[in-house]
Amino acid sequence: MYVQHRGKVNMYGGVIRGNEALRGGGMYTDKIVYLFAGTIADNLSYSYGGAVSSSSGSNAELHIGSAGNGNTMLFSGNRAIRAGGALYSNTCSPIIIYGNAEFKNNRSESSGGASAPAETKVVKIGVFEPQTGDNGAGGKQEILGMQYAN
């Protein structure tokens, strides 16, 4: 998917899977994109951003997830040859993660895989209840932030 000029994307569900591109295996954008929920998986970029690559354009922004609605934006099994296994942002393009985003088994041959190389590693971002062994586990406390699961 290529989003440019007056394009706009709001992803509330669905799947972008099994694509290949020079940049942004699943999506390349130089505009504002909202990825609220859904899956971007098993895509390949021959350079930057296995799932999504954001251009250096002044209007490019990636907004990912939405805190508290129970839906998840999943990035899984994406690969970039150069950098950004899941996401790549060029210079001035912000990536804003609100919550409920999960990164699994993404990898880059160079840097920024968005998860560790072992298949059991997961990065979760969002609002979630602490797991056994975490500080405050078993209570009703919620954590906003990033958790790296071994």
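**Strands, core and salt bridges in a predicted model**

The protein chain has an average pLDDT of 75, and 69% of its residues score at least 70; pLDDT is the predictor's confidence in each residue, from 0 to 100. This is a predicted model, in which local features need pLDDT of at least 70 and side-chain atom pairs count only at pLDDT 80 or more, while totals for chains, interfaces and linings use all residues. Residues are numbered from 1 along each chain as its sequence is written, and side-chain values use heavy atoms, with hydrogens and water left out.

Confidence varies along the chain. Strand β3 (residues 15–17) has the highest value, 97, and strand β18 (residues 143–149) the lowest, with a mean of 40. Strands here are DSSP runs of E with at least two residues, and helices are runs of H or I with at least four, numbered from the N terminus. Over residues 127–150 the pLDDT is below 50, and this stretch has 45 contacts in the model beyond near neighbours in sequence. Residues 115–123 also stay under 50, with 29 contacts beyond four places in sequence; a contact means heavy atoms within 4.5 Å.

A good place to begin looking is the sheet. Four strands form an open sheet in the order β1-β5-β9-β13, with parallel pairing. Two strands pair if DSSP finds at least two bridges between them. At the edges stand β1 (2–3) and β13 (87–89), each with a single partner strand, so one side of each is left without a neighbour in the sheet. Strand β9 (residues 52–54) pairs with β13 over three bridges in the parallel sense, and Ser54 has Ser89 of β13 as its bridge partner.

Strand β6 offers a second view of parallel pairing. Three bridges join β2 to β6, with Asn10 opposite Tyr34 in β6. On pairing with β10, β6 forms four bridges, and Leu35 has Ile64 of β10 as its bridge partner. In a regular strand the side chains alternate between the two faces of the sheet. Along β6, Val33 and Leu35 point to one face and are buried, while Ile32 and Tyr34 point to the other and are not. Buried means under 20% relative accessible area, exposed over 50%, and partly exposed in between (1.4 Å probe, protein chains only).

The largest nonpolar core has 18 residues, and Met27, Leu35, Ile40, Val52, Phe75 and Leu87 have the most contacts inside it. Such a core is a set of buried Ala, Val, Leu, Ile, Met, Phe, Trp, Tyr and Cys residues joined through side-chain atoms within 4.5 Å. Elements giving two or more residues to this core include β2 (9–11), β6 (32–35) and β10 (61–65). Not counting residues up to four places away in sequence, Ile40 touches ten residues' worth of surroundings that include Leu35, Val52 and Phe75. The structure also holds three salt bridges, each a side-chain nitrogen of Lys or Arg within 4 Å of a carboxyl oxygen of Asp or Glu. Arg17 and Asp42 meet in one of them (2.8 Å, N to O), linking strand β3 to the loop between β7 (38–41) and β8 (44–45), 25 residues apart. Glu109 meets Arg79 at 2.9 Å, N to O, and forms another salt bridge with Arg107, the closest N and O atoms being 3.3 Å apart. Salt bridges that share partners thus join Arg79, Arg107 and Glu109 into one network.
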